[in-house]
Amino acid sequence: MIQSLKTFIHTAQHPEEADIIIQNGLIVDVFSLETYEADVAVKDGYIIGIGTYKEGKTIINAAGKYVMPGFIDGHIHIESTMVTPAEFSRALLKHGVTTVITDPHEIANIAGAEGIQYMLQDSKYAEIDIMMKMPSCVPATPFEQNGAALKADDLRPFLSHQNVIGLAEVMDYPSVLQADNEMLEKISMTIEHGLTVDGHAAGLSTDALNVYSAALIRNDHEAVTANEAKDRVRRGIHVLVREGSAAKDLLAILPAITERNSTRFSFCTDDKHLDELAEEGTVNYAARLAIKNGLDPLIAIQMATLNNAVCHQLKDKGAIAPGYSADVLIVENLNELRPSTIVKNGKVVDLNTLQAKHAEIPALVKESVKMKKVDKRSLEIPLQDGQKAMIIEVLPGKLITNKLIEDVKINEGFFEADVVRDQLKIAVCERHHATGSVGVGIVKGLKLKSGAIASTVAHDSHNLVVAGTNDEDMLVAIEAIEQMQGGLVIADKGQVLASVPLRVGGIMSEKPYEEVVKELHQLHEKLSSLSEETQNIFMILSFLCLPVIPSLKLTDQGLFDVDSFQHIGVGLKA
């Protein structure tokens, strides 16, 4: 450390020895929200000076362009992109995202500590900085079966890893409210290591927010309205404004952001499918969307860079200033934010030569689908003639769902899917320990006109979830997923129309991201002929199994009422 400091101090005084000089650009100052013309000197991966510099080993002329810090994504689940960390980084770097904060609780729910270790190992080959927070709630709740459990003692060794920076989203609010010793041990040991704790305050009241903040949980990505965002800011909770594939909260929260409070907001993604991410990026897209809808470009850039760095205590990231990491973007205008040049860790990136290496995949991670045979009887929903049913209603652009009570089609004492009413059957099948547990329910909002879709990407326990217009196609899809050890499947008229194998834990592909994008495009092309829904219904499907987000979800144990935190029946008393 001392030698590095000596080098930086020396080069700051003799910038002609710098590795890179970026000349004539307009620097985006995220501290004072202004731009000004100056040169930037870079040495050994760090910015060592701002001023007027004529010489250097490499000169980059940024005349007429803006020089800004690399984007930082404040919260994303890499597993949701369906590629490994190294491939994920190749897909994202081209958009100027140079650092992400990730929570590997998806793979942890499947393979426990061994899954986390795999993610850390593969991240060593990433082109961007992947900073991790340890999963706080594995399993997420006691109301479903998953693949592993992680106690405080299981997580403690990871807190000393150089790329681990905290405890990830605390979604088990009842444990916080009741001051559960195991949960408080996870929080306290994280804080004692000088690290931060992330929140998950979906649907919580202001009184509940008081509890979270008092427990030193000081950020949250679950605000879905401007008022919810304000309530969090008033309690010292940093708001991570989410814009992903299924949850699109940015435009709803935007009215809450002002020049006075903007430092208490930053952008995050949470979950985004690979095809969208490869085309759009993540927080760069969120910043551009916010600017398009009236937010000052400098505030948007600050939210996508410095604010995330401050929130997560990344003390050398997020700004163009001496002593900060040389993660630098050169962009032509501040509305589009599309980088023409990317400097990562002090080196100019050649996107055409990036080829990812990978960590070895453990057998526990690669052979994760263990199921008892699912038959037609497993999918039955008994109902009496005239009996109303409880239905999960999908809300466009939201992870929360509605609880509906409707009349349904009943055939010989059992529910029958009705495409006219958009009432489909949905089932969650346990796939970690071959218990044979299957939960069934009814869903509205997928707009599937024929066939079935199935997936082993099903937050957070990642059991097999399937929805369809008939039992036969649902069973075909289930069997196809079991044979390929996880993935996404579309079946219709007894045939598999398209699939995306995800053999890494049943949630990620071993293939290069470009190949996975092609598979996803083929999948969605086939799906467009079966469904009128324009949203990504595989992403929607994956969140219908998450029993920590209101209001009605489905687990392998059955229909789950998040508001009362208990399982309920599908049929209502006549």
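Let's start at Phe-31, which is partly exposed, with a relative accessible area of 45%. This is a predicted model, so read what follows as a description of that prediction. Under the ring-pairing rule used here, there are five aromatic pairs. In one of them, Phe-31 meets Tyr-324: the ring centres are 6.0 Å apart and the planes stand at 70°, so the pair is edge-to-face. Planes over 60 degrees apart are what earns that label. The pair ties together distant parts of the chain, 293 residues apart. Phe-31 sits in the loop between strand E1 (20-29) and strand E2 (34-43), while Tyr-324 sits in the loop between helix H13 (306-311) and strand E14 (328-331). Unlike Phe-31 with its 45%, Tyr-324 counts as buried, because its relative accessibility is 18% and the cut-off is under 20%.

Another edge-to-face pair brings Phe-560 and Phe-565 together, with ring centres 5.5 Å apart and planes at 70°. Phe-560 is buried at 0% relative accessibility, whereas Phe-565 is partly exposed at 27%. Add Phe-143 and you have a cluster of three residues joined by ring pairs: Phe-143, Phe-560 and Phe-565.

Back to E14, where Tyr-324's loop ends up. E14 pairs with E15 in the antiparallel sense over four bridges, and Val-328 stands opposite Val-343 in E15. On E15 we also find an antiparallel pairing with strand E16 (residues 347-348), this time over two bridges, with Val-343 opposite Val-348 in E16. E15 and E16 make a hairpin with two residues between them, and Asn-345 in the turn has a positive phi of about 50°.

Lys-344 belongs to strand E15 (residues 339-344). Is this lysine buried or exposed? Lys-344 is buried, with a relative accessible area of just 5%. Setting aside neighbours within four places in sequence, its contacts are Thr-98, Glu-127, Ile-128, Asp-129, Lys-317, Ala-326, Asp-327 and Val-349.

Now for the helices. Helix H2 (residues 85-93) is mostly covered, with nine of its nine residues buried; Glu-87 and Arg-90 are among them. Helix H8 (residues 226-234) tells another story. Its buried residues are Ala-226, Ala-229, Arg-232 and Val-233. They span an arc of only 125° around the axis, which puts them on the same side of H8. Asn-227 and Arg-234, on the other side, are exposed. The cover over the buried residues of H8 includes helix H7 (206-214), strand E11 (219-220), strand E12 (238-242), helix H9 (250-253) and strand E13 (265-268). Just past H8, Gly-236 adopts a positive phi of about 75°.

Further along the chain comes an open sheet of eight strands with mixed pairing, in the order E18-E17-E22-E21-E24-E23-E25-E26. Strand E18 (401-406) and strand E26 (495-501) are its edges, each pairing on one side only. On average, neighbouring strands here are turned by 25° against each other, direction ignored. Within the sheet, strand E23 (residues 452-455) and strand E24 (residues 464-468) pair in the antiparallel sense over four bridges, and Ile-453 stands opposite Ala-467 in E24. Helix H15 (residues 471-483) packs on the sheet, touching strand E21 (423-429), E23, E24, strand E25 (487-492) and E26, and its direction makes about 150° with that of E25. Helix H16 (residues 513-528) lies across E23, E25 and E26, running at about 150° to E26.

Finally, a few backbone oddities. Most residues other than glycine have a negative phi, and most peptide bonds are trans. Against that background, what joins Val-138 and Pro-139? A cis peptide bond, with omega about 0°; Pro-139 lies in the loop between strand E8 (129-134) and helix H4 (152-155). The bond from His-459 to Asp-460 is cis as well, with omega near -5°, and Asp-460 is in the loop between E23 and E24. As for phi, Asp-270 has a positive value of about 70° although it is not a glycine. Asp-270 lies in the loop between E13 and helix H10 (274-280) and is buried, with a relative accessible area of 4%. Gln-485, in the loop between H15 and E25, also has a positive phi, near 60°.

How values were computed
Residues numbered from 1 in each chain as written. Predicted model: local features only at pLDDT ≥ 70, side-chain atom pairs only at ≥ 80, totals over all residues. Heavy atoms only, no water. Buried < 20%, exposed > 50% of the residue type's maximum accessible area, 1.4 Å probe, protein only. Arc of directions from axis to C-beta. Contact = heavy atoms within 4.5 Å. Pairing = 2+ DSSP bridges. Axes fitted to C-alpha atoms, helices over the stretch in contact; angles between N-to-C directions. Phe/Tyr/Trp six-rings, centres within 6.5 Å; stacked < 30°, edge-to-face > 60°.
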